[in-house]
Structures are given as structure tokens and as C-alpha cells.
Amino acid sequence: MTDVKNKYPHVTMAQLYADDVVYSSRPSYISNPWLEPDEHQSNFLSARELLIADMPVIVHEASVTDKLATLFALINHTIPNNLYYFNDQQSYEQLLQRLSLEEGRKIYFQYVHDDSIVPPQQYAMNKQTFVDLNNKSKIPEWTDGKYLPRREVVAFEDFEPAVRQWDLPVVIKPGDELPTAGGYGVMICYTQDELECAIERVKKAEAATDTLIIEQCVEAVENYCVQFAQHPDKGILYLGAAKQLTNEYGFYKGNVNAQHVPQAVIDAGHALMEKAVAVGFVGIAGFDILEDANGDVYAIDLNYRQNGSTSMLLLDEALTGTHHKFYSYVAKGDNARFFEAIQTFVKKGVLFPLSYYDGDWYEDRHVDSRFGCIWHADSDETIAEYERAFLEQAGLPAE
């Protein structure tokens, strides 16, 4: 086992990109059947990396209100002054076009956008490389055929007869570059009824999906997201790893910092990063790697972009305690109660704020606020106790 302690705690995104690069972590407004279509969640994501960016970031106005300023002040931070703002699809796309076409800025996207919004030559790295690296059907190319569960990549029209030949349980994924954040686009089928539902869901995505992946369901002992950065001076840096918390159907429930990581997991991740850097990748990447009871490792998803838990790893020195948990919460109707509970636990020194999407910014309708954060304490059990108390105070259901 290898200690997960971050060897390079002061890495920021700005160190990895040229000075003319602007960052956008918002998914495109253009529909994607494999990513949960929630406009507010997408807007919320726009400010997730503010404390690790140190570079210009495109953010929704509701993500940088006085509420975020209040929370940042409690941890001796301020909202950065190098931000670009949008408030709807039109202003977002106009801003991107102004930055890229009129000002000649390069954009580092968390998720690929259509060429009609930003031309390929204005991406911070080669767009086709970015697309290929995040194309799930191409994983064998980046792993050199290693670290793979048994899998079959099939054309859309061949999917149904092919998947019916597999024994359950089975995993189904879109075989392209479309993101499947939070496990929303990954279908794990344990029963025949679940398989039938998955087949129907795939049929509805015909317009956006050319290929599907059918994959062995690995009985994992641990689920790691192991992360690396390509630094222009220092080369490939190991940033650490987080354990992913998911339910039995793969839906994301947050991350905790891994106290120890098998060397085989780190080595597999480093090999994946080396392969990507060789074809021109720049930035931060995180690889979802499973370990089974035999110690074998399987790369089930390659995210050549920031991950939800990236901030938790890069902010390690700002966090107290040895145990950390990254997660986000959504208010359930009472934004004032939600914000008050957040302040209570930030003031206790056990909750580190990353982002706050202020539902009260919307004056014409009710919108639930959202909060991205890191719990930090001396044990997972202590964090669980704080989290239960927070949920009760905020009026949220127990997780």
C-alpha cells in the first residue's frame, strides 16, 4: 500500500495552462440523453473549481452571490476577481463566442461543446484529442488492452440482440464521448426487468448514440478515482486518490480521501496518464479504477478532465483532520434554513465550502439552493455524525 498524501499540495489549474486560457466546467446547453438534464445542476457546476483554479473561470451569476462571499470569508478566502459571468443559454454562448472569436482566448472545457459555439481551434488542447480520450469505446486504446473487464462494443442497431446474450449482472454504457456524470448514464442490470428498462432507455437515445458498451459487472472491493496532472515543468504529477461512494447501481454518493492506495492502482493510473500526455493531453485527469478481492485492477472509466474530488485532493493542506469527504447538497424548499445550517458547520471548522448556488438569486420563481463542500475530521465516523446533524438542522432527509 502507498500513502495517498499529496506530494504537490500547491498545484493550481493556472499552472497547467497558458495565460490566454479561460475555464468552463458547465456542460453545454445542448441536450445530452446520458447526462441528467438539470439546468440548475449544470449552472451549479460552473463554480465548483474556484478555489483551485487561480485562472479566469466562466460562472453563472447565481453561483457567486453574497452567500458565497459569506462562506468564503469564514475560511479566509474571497471570491476571485478574474471571473466571467453568464445567466442563461444566450449569455453563456455569446460570452464563449466573444472570448474565443473576438478576443482570441482559448477555452478549456470540462465537457465538449458544439463547433457552432466555439470553433475547434479555440480549445486549450486539440479538440479531437479531447474527444477521443473521453470516448468510452476507445478505452482499450489508452489502456493498451490492460486493466479491462470483459466488454463488447456494439453498433446501436446491434445492441439489443448482443446484450441479450450476456449473463446478468451486466453493465451498459454509451460508447462515445458524451459524459455520464454521477453514474447517470451507466446502467447496471441485476435483473431481467432492469435489463428491459435499460434496453428501452437506449432506444430513446438513438439520435445521440452510435455505439454501446456491454461490460462485465466487476465485484469490486474498492472503487478508486486516482488523479494526475500534466505540469509543463514538472511533468506528470500524482495528485492522490479518492474512494468513490456509489450505490449498487453505480450512482455517485460522494468521495472520501483514500488513506492508502494499492501501488497497482497508482501504476495503472500513471500508465494511462503517460499514454494521454504522449498524444497531447494537458491538465488534470482522474481514472475510475476498481480493485477486486484478488487484487486485480480494472479501469472502468477514464475522465480526462477535473473530477468532483479534485478540489479535495488539491486543498489537502487547508483541511484539518485525516479524513475528508467531498459531497454536494440541495435544499428542500427552505433556502434560508439550508444556508444557516451550512454556516453553523463551517464555523465549527468541520465543513469547507467550495461552491454555493443561490436559489434566492431567482426572483420570479422558487429555486432550491445547492452547496458543494468538503467535510474534514479525524475519522469517517465523526464526519458521519456531523453530516447527520447537518441534515437534521437543514431539514434534509437522511442520506
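In this predicted model, Arg-151 and Glu-215 form a salt bridge whose closest N and O atoms are 3.3 Å apart. The two partners come from distant parts of the chain, since Arg-151 belongs to strand β6 (residues 151-155) and Glu-215 to strand β9 (residues 211-216), with their positions 64 residues apart in sequence. Arg-151 is buried, and Glu-215 is buried as well. This pair is one of 17 salt bridges that the structure holds.

A second bridge to follow is the one between Lys-325 and Glu-387, whose side chains meet at 2.9 Å, N to O. Because Lys-325 lies in strand β16 (residues 323-330) and Glu-387 in helix α12 (residues 380-394), this pair ties together parts that are 62 residues apart in sequence. Here, too, both residues are buried.

The bridge between Glu-200 and Lys-203, with its closest N and O atoms 3.3 Å apart, has a local setting: both residues lie in helix α8 (residues 192-204), three residues apart, which is about one turn of the helix. Glu-200 counts as partly exposed because its relative accessibility is 41%, and Lys-203, with a relative accessible area of 41%, is likewise partly exposed. What of the partners beyond this pair? Salt bridges that share partners join Glu-160, Arg-164, Glu-196, Glu-200 and Lys-203 into one network.

Strand β16, already met as the home of Lys-325, also takes part in an open sheet of eight strands, which follow the order β15-β14-β10-β11-β12-β16-β18-β17 with antiparallel pairing. The edges are taken by β15 (297-303) and β17 (351-357), each of which has a single partner strand, so one side of each is left without a neighbour in the sheet. Direction ignored, neighbouring strands of this sheet are turned by 25 degrees against each other on average. Within the sheet, strand β11 (residues 235-246) and strand β12 (residues 252-257) pair in the antiparallel sense over four bridges, and Thr-246 has Tyr-252 in β12 as its bridge partner.

Two helices lie across strands of this sheet. Helix α9 (residues 263-278) lies across β10 (220-231), β11, β14 (283-292) and β15, and runs at about 40 degrees to β10. Helix α12, which carries Glu-387, lies across β16 and β18 (370-377) and runs at about 20 degrees to β16. The salt bridge between Lys-325 and Glu-387 thus joins a strand and a helix that also meet in this packing arrangement.

Other charged residues are buried without a salt bridge, and Arg-26, in the loop between β2 (21-24) and α1 (39-45), is one of them. Which side chain of opposite charge is nearest to Arg-26? It is that of Glu-39, 4.9 Å away, whereas a salt bridge is defined as a nitrogen-to-oxygen approach within 4 Å. The side chain of Arg-26 does make a polar contact with the side chain of Asn-43 (2.9 Å). Leaving aside residues up to four places away in sequence, Arg-26 touches Glu-39, Ser-42, Asn-43, Ser-46, Phe-86, Tyr-92, Tyr-111 and His-113.

Glu-93, in helix α4 (residues 89-102), is also buried yet has no salt bridge, and its nearest side chain of opposite charge is that of Arg-26, 7.8 Å away. With residues up to four places away in sequence again left out, Glu-93 touches Tyr-29 and Ile-117.

Methods. Residues numbered from 1 in each chain as written. Predicted model: local features only at pLDDT ≥ 70, side-chain atom pairs only at ≥ 80, totals over all residues. Heavy atoms only, no water. Buried < 20%, exposed > 50% of the residue type's maximum accessible area, 1.4 Å probe, protein only. Lys, Arg positive; Asp, Glu negative; His and termini not counted. Polar contact = N/O pair within 3.5 Å; in protein donor to acceptor, adjacent residues only side chain to side chain. Contact = heavy atoms within 4.5 Å. Pairing = 2+ DSSP bridges. Axes fitted to C-alpha atoms, helices over the stretch in contact; angles between N-to-C directions.
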